[in-house]
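Visitor: I have a structure to look at and some questions about its parts. Please take me through them one at a time.

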Amino acid sequence: MPSSNRWRVVDIVVASVIGVATGLVFLFWNNVGYAWFSAADAVTPGLGGVAVGIWLIGGVLGGLIIRKPGAALYVELLAAIVSALVGNQWGIETIYSGLAQGLGAELVFAAFGYKRFGVLQAVLAGAAAGAAAWTLELFLSGNLQKSAEFLGLYFVTVVLSGAILAGLLGWLVVRALAATGALHRFAAGRDVTERV
Amino acid sequence: MVSSAPRLRFVDRVNPVTRLAALVVLTTPLLLTVDWLSAAVALGIELVLFALAGVTPKLLVARTWPILVSAPIAGLSMLLYGQPEGTEYWSLWLARITDGSIELAVAVTVRVLAIGLPAALLFLRVDPTELADGLAQIAHLPARFVLGALGATRLVGLFVEDWRAMGLSRRARGIGDHGVIRRVATMAFALLVLAIRRGSKLATAMEARGFGSDTPRTWARVSTVGGSDAALLAIAAAVAALSIAVAVWAGTFNPVWS
Amino acid sequence: MSGSTSAVGPVRVEARGWGWRHAGRLRWALDGIDLRIAPGERVLLLGPSGSGKSSLLHALAGVHGGDDEGEERGSLLIDGARAGGARGRAGLVLQDPDSQVILARVGDDVAFGCENLGVPRDETWQRVAEALDAVGLDLPLDHPTSALSGGQKQRLALAGALAMRPGLLLLDEPTANLDPSGVAEVRAAVARVLDRTGATFVVVEHRVDVWVDLVDRVVALGSDGRLLADGPPDEVLERHREALLAAGVWVPGAPLPIERRADAAGSRSAQAILVGEQLAVGRRRGAVVRAGLDVALAEGCSTVLTGPNGVGKSTLALTLGGLLEPLGGRVAASAPLAGRLVPEPIRWRSRDLLTRIGTVFQEPEHQFVASTVRAEVAVAPHALRLSGAEGSARADEVLTRLRLDHLAGANPFTLSGGEQRRLSVAAVLVARPRVIILDEPTFGQDRATWLELVRLLRELVDDGVTLLAVTHDAAFGEVLGDRRLDLVASDDAAASAPTGSAQ
Ligand SMILES: Nc1ncnc2c1ncn2[C@@H]1O[C@H](COP(=O)(O)OP(=O)(O)OP(=O)(O)O)[C@@H](O)[C@H]1O
Ligand SMILES: Nc1ncnc2c1ncn2[C@@H]1O[C@H](COP(=O)(O)OP(=O)(O)OP(=O)(O)O)[C@@H](O)[C@H]1O
Ligand SMILES: [Mg+2]
Ligand SMILES: [Mg+2]
């Protein structure tokens, strides 16, 4: 458990590394994921939400690894900024989305008092990030102008996708990272290794 | 973030933080409405301004093609599922193409361009160090976070270099023969691991140089704002105001909360 | 403790019964340390690899992190305050030059420490210029830090610490990667700074001779992480000579007992096993570092490659090792080495390379791929599809010989500098390649592991393995320099012709 909630330098630097790296994943997903999103969306209304989860993974990774207040928000936001500044189809909107999605995940970790970081918290954080993304898009993407059926279906898919592609996948990534020993300066990394 | 990018007139003289602010000022109002006119006005003026700054059509396509491709795709979703209104031309299950959805589709397509292009072009050529200096000195964001992020950006900037070095070492260790997919997957993960490890050590190195203590910090590089910055902000505000005003005047203004 | 940091006076250090245990370790890296260092005192810290020298320097610099990263007992005070809170009064150069480049440009990187201490801008740039000059890093301020050689990075890190003008200057093996003239330069630069600022000084270095004239005290740690000896240099080195040697510490003048077989290397017919013809080398296309090189490695001989920092030794070694593509000319293996394969090593598969040419990289961390020491050594046997029993027998053998067996379960990245170096060698030796290329194999080694390593390499060569070692280590050259190549720093020149076997 983190002995204090103040961020150490290593927390800041590693959170930043994860944020920037996640931003690069976004840049890839902005093309591949968006193609999937659009294809799914064209076939059925709202099913495009299935692809959204990957864009929410920053918050889950940040929260699980750093375990400090603000980590989920910081990582997701930084990733969004990287994605926006390198250039994507959403421009400044990306940054607002990052803010909302990060906040969604952050709230879940906060609700558990920054004390529990298991697969349940990860999945809930991913789902909450999805819900936040859905809410923001009502306005930013003009989704309020879409039909109610669309919005209902979209909500379900985005939240599910967040729970799985961000929550579960993020949890698996963190576990794999911990197994490599790369997180040895973090409580998240020491949970899995034995003393030698 | 690409330093080999071509120089732009005027834009390059503006502090990166001001560019970020200008981007917010210019495009946030456009997010509040889904109508083709405000977006079209903004897009038109933007294109002229960027042409004046030296963005050639070739450069435009080279740097913004993902946006150019995805704009019509965003429009398609609106075309099929936008709120139906007026004559219906075609329908299949939940998809309906109507007068209303056609108008929304056009609006969304132009809007994506008007919002996406300035972000890509204003940041065509940004040195992360300069951006960090600006964020800390001008925008007064916490220095620990700004510099931590800057250090991390540099590590990630080494990804290309690391990728090659990792390829060499895997080859030397006898595990370089895997097929492309497996290699790319394991190397991408290994790259993340490497960056995190480097990050952990970098943090120690930064602390060894007195970083993270409570002493107030000075800045060796000055980040300044001046006339050009004010001008860019003014232009951004003017473009935003003009495009919204035109839409309101023409009656197409269609706020997202309606 | 919180005073003006921009003009720090010499610092007093006081440890009482102090100990430190890294998170995740059972053993205390340091324990029962009682040490008083007066302001302005200059200390050389000795000790075998893994004895906790770096850990002690980290603690003095206050960079150990909190309870998350280890346990502390006893007290360690800097000017009467807890060391952890005194960050910034100490300037620390870490052991691994690769990991302490902070910013993207040389000038900015050196200025970073000054900025953190609140030094005014004009003064910062003045200090940057002085520091770069002092360490002999003659590059423009906006030179990218990503394109520096190992030695250049080490100078850069030192410049960054010197520019801080700290009250306590802590150097962790600052010359390990430097060429001989660089060692002299760095030593002179440090001497100048100390004379001017009177700062307290602690340096860790295995090679005593570099610093022994500059320091007025030697402190030695034993392999158990406790103090072994403490006192004026001459006294410690004489009175405790046997104890130091037994612990594996370098003692100047002590002979190096290395046997070599009479019939060995020098007298062999020495066919070339690997040749480079009119070779142009570089890290990537269009960036030629050296061109027109003609080199030949004699079979069953040990060749030593020397040359100043940044001249292209590592690049050449990687090219000969079949890892980098030649940018001109070609590298060809002799028929017995290539066997059924084409002569150009760069076109071999990775697994074929493994038993033919093994390369140990200059930065050990670049080559680690596994999460425990044992798994790291098992990578090659696994790739060669050796049977489980044979694979683990081989792995155990090299781990024992290189004194890593007690760390088999540890993560490679948490090892001490010297341990990492040995592991990277072990991981290559386990595949038993016919040609071994080593980039700075002995840096950071204490005397015991140095001897072990050099003996092992000598034995391999005497048994017919071909060796190429890039090194700045003169003692290594004495023992393993059957042939010598010197890469010189002029534009047109090639490697000089190999000189005959050295004795
Ligand atoms: N971050 C870490 N986590 C866990 N163990 C560590 C860590 N750093 C060092 N150790 C262990 O602590 C012990 C002391 O390491 P340290 O780096 O201080 O040795 P050293 O005397 O500097 O050795 P060398 O001469 O090889 O550099 C070693 O056994 C090492 O494996
Ligand atoms: N990864 C890299 N990318 C680009 N340039 C590099 C890289 N590594 C080294 N260089 C440059 O290539 C040249 C040769 O570097 P190399 O590492 O081969 O030198 P070296 O002789 O091994 O030096 P040292 O003794 O310091 O290790 C140097 O001038 C260096 O600046
Ligand atoms: Mg050490
Ligand atoms: Mg080298």
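Visitor: Which protein donors does the magnesium ion (ligand 3) have?

Guide: Keep in mind that this is a predicted model. The donor atoms lie 1.9 to 2.1 Å from the magnesium ion (ligand 3). One is an OG atom and the other an OE1 atom, and they belong to C:Ser54 and C:Gln95.

Visitor: How many residues apart in sequence are the parts that C:Ser54 and C:Gln95 tie together?

Guide: C:Ser54 is in helix H1 (residues 53–61) of chain C. C:Gln95 is in the loop between E6 and H2 of chain C, so the pair ties together parts whose separation in sequence is 41 residues.

Visitor: Is C:Gln95 buried or exposed?

Guide: A residue counts as buried when its relative accessible area is under 20%. The relative accessibility of C:Gln95 is 16%, so C:Gln95 is buried.

Visitor: Which residues coordinate the magnesium ion (ligand 4)?

Guide: The coordinating atoms are OG and OE1, at 1.9 to 2.1 Å. The residues are in distant parts of the chain, one in helix H9 (residues 313–320) and one in the loop between strand E15 (357–360) and H12 of chain C, 48 residues apart. They are C:Ser314 and C:Gln362.

Visitor: What is the relative accessible area of C:Gln362, and is C:Gln362 buried or exposed?

Guide: The other residue at this ion, C:Ser314, has 13% relative accessibility and so counts as buried. C:Gln362 is also under the 20% limit. C:Gln362 is therefore buried, and its relative accessible area is 14%.

Visitor: Moving on to the contacts between chains, how many salt bridges are there across the interface of chain C and chain B?

Guide: The contact takes 67 residues from chain C and 41 residues from chain B. One of the salt bridges joins C:Asp109 to B:Arg209, with the closest N and O atoms 3.2 Å apart. A salt bridge needs such atoms within 4 Å. The count across this interface is six.

Visitor: Which element gives the most to the side of chain C that touches chain B?

Guide: Several elements of chain C each supply at least two residues to that side, among them strand E6 (90–93), helix H3 (121–135) and helix H4 (150–163). The greatest contribution is eight residues, and it comes from H2(C).

Visitor: How do the residues of the side of chain C that touches chain B divide?

Guide: The area buried between chain C and chain B is about 4600 Å², with 52% from carbon and sulfur atoms. The residues on the chain C side divide into 34 nonpolar, 18 polar and 15 charged.

Visitor: How many salt bridges are counted between chain B and chain A?

Guide: Here 61 residues of chain B are in contact with 55 residues of chain A. Carbon and sulfur atoms give 70% of the buried area of about 4800 Å². The side of chain B that touches chain A has 41 nonpolar, 15 polar and five charged residues. The number of salt bridges between these chains is zero.

Visitor: Which helix gives the most to the side of chain B that touches chain A?

Guide: The elements that give two or more residues include helix H1 (16–31), helix H3 (57–81) and helix H8 (180–208) of chain B. With 13 residues, the one that gives the most is H8(B).

Visitor: What covers the buried residues of H12(C)?

Guide: The buried residues in H12(C) are C:Val373, C:Glu376, C:Val377, C:Val379, C:Ala380, C:Pro381 and C:Ala383. Their cover includes H11, helix H13 (388–401) and helix H14 (417–429) of chain C.

Visitor: Which residue is joined to C:Arg217 by a polar contact between side chains?

Guide: C:Arg217 is found in strand E9 (residues 217–221) of chain C. Its relative accessibility is 9%, so C:Arg217 counts as buried. Among the residues that C:Arg217 touches are C:Leu35, C:Glu41 and C:Pro232. The side-chain polar contact is 2.8 Å, and the partner is C:Asp230.

Visitor: What distance separates the C-alpha atoms of C:Ala431 and C:Thr359?

Guide: C:Ala431 is in the loop between H14 and strand E16 (435–439) of chain C, and at 4% relative accessibility it counts as buried. Residues that C:Ala431 touches include C:Leu354, C:Ala380 and C:Arg394. C:Ala431 and C:Thr359 are 72 residues apart along the chain, and their C-alpha atoms are separated by 11 Å.

Note on methods. Residues are numbered from 1 along each chain as its sequence is written. Chains are lettered from A and ligands numbered from 1 in the order in which they are written. This is a predicted model: local features need pLDDT of at least 70, side-chain atom pairs count only at pLDDT 80 or more; totals for chains, interfaces and linings use all residues. Side-chain values use heavy atoms; hydrogens and water are left out. Contact means heavy atoms within 4.5 Å. Buried area is the accessible area (1.4 Å probe) that two parts lose on being put together, summed over both. A salt bridge is a side-chain nitrogen of Lys or Arg within 4 Å of a carboxyl oxygen of Asp or Glu. Helices (H or I, at least four residues) and strands (E, at least two) are DSSP runs, numbered from the N terminus. Ala, Val, Leu, Ile, Met, Phe, Trp, Tyr, Cys and Pro count as nonpolar, Asp, Glu, Lys and Arg as charged, and the others, Gly among them, as polar. Donors are N, O and S atoms within 2.8 Å of the metal (3.2 Å for Na, K and Ca); water is not among the atoms, so sites may look incomplete. Buried means under 20% relative accessible area, exposed over 50%, partly exposed in between (1.4 Å probe, protein chains only). A polar contact is a pair of N or O atoms within 3.5 Å; within protein, one must be able to donate a hydrogen and the other to accept it, and residues adjacent in sequence count only if both atoms are side-chain atoms. Lists of a residue's contacts leave out its neighbours within four places in sequence.
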